[in-house]
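Open the model in your viewer and keep the sequence panel visible. The stops below say what to select and what is there.

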Amino acid sequence: STSTTTTADTNSYAVGMRTMINGPITTRFPPEPNGYLHLGHAKAVSFNFAVARAFPYPPPSTSSAAGGGVVGGGYLGGRCHMRLDDTNPSKEDEEYVRSILEDVRWIQRGTGGGWNAVIDDDEGGRGGGGGGETDDIADDDTGPWYGGVKKTSDYFSLMYDAAMYLIESGEAYVDELSPEQMREYRGTLTSPGVSSPYRDRSISENVELFRNMRAGMYPDGSYTLRAKIDMSSPNLNMRDPVLYRIKHESHQATGDAWCVYPMYDFSHPIADAIEGITHSLCTLEFEDHRPLYDWVAERMVRGNLVKCLPRQIEFSRLNLKYTVLSKRKLIRLVEENHVSGWDDPRMPTISGIRRRGFPPSAIRLFCERMGISKSDSNIDFGILEDCAREVLDEDCSRAFAILNPLKVTVTNCDGELENFEVPRHPKRPDLGHRVAPFGKSAYIERSDFFDLDGPEGRDNGGVPPAGFKRLLPGGRVRLKYAYVIRCDEVVRDAITNEPTELLCTMFPETRSGATPEGEARVKGIIQWVEASTCTKCRVMQYDRLFVAEEPGRESGDFTTDINKESLRVVEGVVVEPSVAKDAIDMIARIRNYGTGKKSVDKPYHADLAYQFERSGYFALDSSSTESDLVFNRVVTLKDTWNA
Ligand code: ATP
Ligand code: MG
Ligand code: MG
């Protein structure tokens with residue numbers, strides 16, 4: 001606030017200008033709305049928000065004197081701007097804008113940080129409360145999350161003026177070379193470039209031509225505005241880069257207001273400078289664009305167009321094995337119907353992994369674990385899966401689901417249902433209880449019974465596999481939280497001879513909670529689902545989407561490496577009644593969201609996730625209806641339970 005000058009205030013360029021002296025760290029996440037965000041973007045989102053949060057302002061030592069910057073008694077973190085980098089009307093779409101904002105909000109869910117708001121480490125302050133003030137992204141809300149989404153297109157007139165400033169200082173000119181000629185004139189790494197014959201137009205001629213370009217007098221591709229830098233620079237980016245091109249195309253945000261659009265290398269440093277970005281964090285492929293970034297930014301400051309000189313700092317991209325992370329490739333997967341859509345749970349898009357059931361905290365943990373560096377690395381998807389297991393293990397309710405059911409009839413049960421109150425989580429009493437009814441019939445997992453008298457028994461020499469502790473003909477097992485049962489008789493299919501039902505005896509004295517003695521002492525404990533109250537549903541099991549570590553590396557076309565067996569649909573899965581009840585509640589919550597007070601985070605189907613005991617982590621799929629529940633397997637359990 002010490003260096004704002006009156007010239008700046010009376011200058012039209014002062015719009016949106018900020019003084020950065022002693023200001024907080026300011027970063028931005030600037031995706032182009034030309035596709036859905038993917039896990040690579042999640043790395044950039046996490047990094048930018050984390051950097052902003054990491055540096056409190058004012059620093060603690062000066063806080064007592066500073067006073068004014070302190071909200072709610074806490075220190076302010078830095079700021080992270082959400083900016084849509086919308087400079088190319090041909091590839092951009094409102095649908096992408098909507099999805100990007102939704103995805104970024106979701107990645108940050110629960111951190112208390114919102115874009116563009118001052119991030120407040122003190123709970124309940126500005127930007128806090130999970131940012132859930134709105135449910136509707138199109139809403140012109142001024143809440144901490146959506147208010148103040150920035151767009152590069154907001155600065156189009158400033159950028160036009162900035163271009164004029166360069167023309168007037170003799171540092172930009174209007175060119176007429178075709179793209180092919182331009183490429184030819186540019187030269188190569190080993191040969192210097194050749195100047196365009198239009199390089200030495202007079203300033204007034206350039207001014208007039210650029211005005212005419214803007215006025216729509218010329219067709220696409222006929223003229224460009226180029227920076228006049230150095231045609232013999234060893235850095236090709238400095239050989240008179242194009243700053244503006246003509247495109248007679250409607251823009252998703254500015255409509256038909258413009259027919260000239262700035263190039264990334266010109267617009268990005270200007271947008272950063274206008275917004276007072278202190279650290280413009282970007283991926284390494286922009287490293288050799290940095291001299292151009294600085295060239296533009298320095299001139300903006302020199303011309304008194306902006307006060308802040310932002311710095312570009314590069315970090316390495318995220319590459320994931322067995323998948324692709326590029327909007328261009330992801331678009332092909334969708335358009336060629338290799339997947340069901342952007343949010344197909346096999347997709348590495350944010351919407352895909354959200355639908356699959358990866359929680360946002362797992363994504364953030366993953367980004368934190370990978371760290372930030374300047375060296376390229378190929379990360380194993382398994383690391384993300386491990387992060388998901390960690391988070392889900394801690395937060396998820398347990399439940400019983402039987403993926404491949406085998407019927408058990410308890411012959412000595414009177415048929416009355418007995419309700420067992422069982423914990424939702426073994427270590428988290430705060431998650432409460434669920435009710436598991438027990439009665440005369442139940443389903444158990446087919447693999448929890450070893451058919452000694454059937455083909456599998458014969459193949460195994462009439463003995464169970466080593467270490468098998470579950471149910472055998474004549475053997476005993478504990479139905480978890482209920483009773484020990486003994487298998488007395490196997491009912492078989494008349495034709496296939498496959499077991500269709502087990503007739504069992506229960507031992508009432510082994511009721512869960514009673515001191516296990518005698519009959520109660522069994523080694524195997526298995527999950528089960530009561531048959532008359534269970535719900536049938538469908539489970540989707542996923543494998544990696546590609547069979548090659550680096551898809552397309554051998555064949556040149558990544559689609560040839562698609563895994564044809566990446567989806568397995570399991571029908572006829574049965575779940576305990578508490579699951580169906582939770583799912584129906586969740587579906588209702590989602591349907592009603594937005595009709596009442598806008599005070600909670602937008603709910604997603606996958607927020608309902610379970611550890612289906614001994615099977616893995618599963619989340620409710622967004623295609624679910626009350627009468628047709630679908631669960632996605634998020635990840636398997638790390639270790640199969642040795643029962
Ligand atoms: P893509 O190559 O998938 O089209 P992009 O870099 O063109 O991605 P942008 O919309 O420009 O996509 O990206 C917004 C921000 O996200 C940029 O700052 C970019 O550097 C960052 N980003 C994109 N992909 C990755 C990645 N794989 N790892 C880390 N950051 C990424
Ligand atoms: Mg880009
Ligand atoms: Mg791109």
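The tour goes from the whole chain to its domains, the ligand, the cores, one sheet, one helix and a few single residues.

**The whole chain**

Start with everything shown as a cartoon, and bear in mind that this is a predicted model. The chain's secondary structure comes to 15 helices and 28 strands. Of its 643 residues, 41% are buried. Take the contacts between residues at least 6 apart in sequence: 69% of them join residues at least 24 apart.

**The domains**

Colour four selections separately: domain 1 (6-150 + 275-317), domain 2 (154-264), domain 3 (318-399 + 538-643) and domain 4 (401-526). Next, hide domains 3 and 4 and look at where domain 1 meets domain 2. Here 21 residues of domain 1 are in contact with 21 residues of domain 2. On the domain 1 side, helix 4 (94-107) and helix 9 (290-302) are the elements that give two or more residues. Helix 9 supplies the largest share of that side, five residues. Sorted by type, the domain 1 side consists of nine nonpolar, five polar and seven charged residues.

**Ligand 1**

Show domain 3 again and centre on ligand 1. Which domains give residues to the shell around it? Both domain 1 and domain 3 do, so ligand 1 lies between them. The shell has 14 residues, and the closest are P31, G40, A44, T283 and K327. Two elements, helix 2 (39-54) and strand 9 (279-283), give two or more residues to this shell. Helix 2 provides the largest share, four residues. By type, the shell around ligand 1 divides into six nonpolar, four polar and four charged residues.

**The nonpolar cores**

Bring back the whole chain and select A401, Y443 and A609. These are the residues with the most contacts inside the largest nonpolar core, which has 99 residues. Helix 2 gives this core its largest share, eight residues. Another core, of 37 residues, lies apart from it and includes A163, V174, L243 and C308. In soluble globular proteins, nonpolar side chains tend to be buried together.

Return to A609 and show what surrounds it. Beyond residues up to four places away in sequence, A609 touches G357, L392, C396, Y617, F618, A619 and V634.

**A seven-stranded sheet**

Now select strands 13, 26, 27, 28, 24, 25 and 14, which form an open sheet in that order with mixed pairing. At the edges are strand 13 (397-399) and strand 14 (401-402), each pairing on one side only. Zoom in on strand 14, which pairs with strand 25 (residues 567-575) in the antiparallel sense over two bridges. Within strand 25, V574 is the bridge partner of I402.

**Helix 12**

Select residues 360-370, which make up helix 12; P360, A362, I363, R364, F366 and C367 are its buried residues. These buried residues pack against helix 2, helix 4 and helix 13 (381-395). Step past the end of helix 12 to G371, where phi is positive, near 75°.

**Two residues with positive phi**

Most residues other than glycine have a negative phi. The next two selections are not glycine and have a positive value.

Select N304 first: its phi is near 60°. N304 sits in the loop between helix 9 and strand 10 (311-315). Is N304 buried or partly exposed? It counts as partly exposed, because it has 15 C-beta neighbours inside 10 Å, and a residue needs 20 or more to be buried.

Then select Y481, whose phi is near 70°. This residue is in the loop between strand 19 (476-479) and strand 20 (484-492). Y481 is partly exposed because 18 other C-beta atoms lie within 10 Å.

**D240**

Finish at D240, in the loop between strand 6 (224-227) and strand 7 (242-246). Is D240 buried or exposed? D240 is buried, because 25 other C-beta atoms lie within 10 Å. Leaving aside neighbours within four places in sequence, select its contacts: R226, A227, K228, I229 and M231. For a last distance, pick the C-alpha atoms of D240 and T625, which are 58 Å apart in space and 385 residues apart in sequence.

Definitions and conventions: Residues are numbered from 1 along each chain as its sequence is written. Chains are lettered from A and ligands numbered from 1 in the order in which they are written. This is a predicted model: local features need pLDDT of at least 70, side-chain atom pairs count only at pLDDT 80 or more; totals for chains, interfaces and linings use all residues. A residue is buried if 20 or more other C-beta atoms lie within 10 Å of its own, exposed if 12 or fewer, and partly exposed in between; C-beta atoms are placed from the backbone. Two residues are in contact if their C-beta atoms, placed from the backbone, lie within 7 Å. A residue is near a molecule or strand if its C-beta atom, placed from the backbone, lies within 6 Å of it. Ala, Val, Leu, Ile, Met, Phe, Trp, Tyr, Cys and Pro count as nonpolar, Asp, Glu, Lys and Arg as charged, and the others, Gly among them, as polar. Domain bounds come from an automatic or database domain assignment. A nonpolar core is a set of buried Ala, Val, Leu, Ile, Met, Phe, Trp, Tyr and Cys residues joined through C-beta atoms within 7 Å. Two strands pair if DSSP finds at least two bridges between them.
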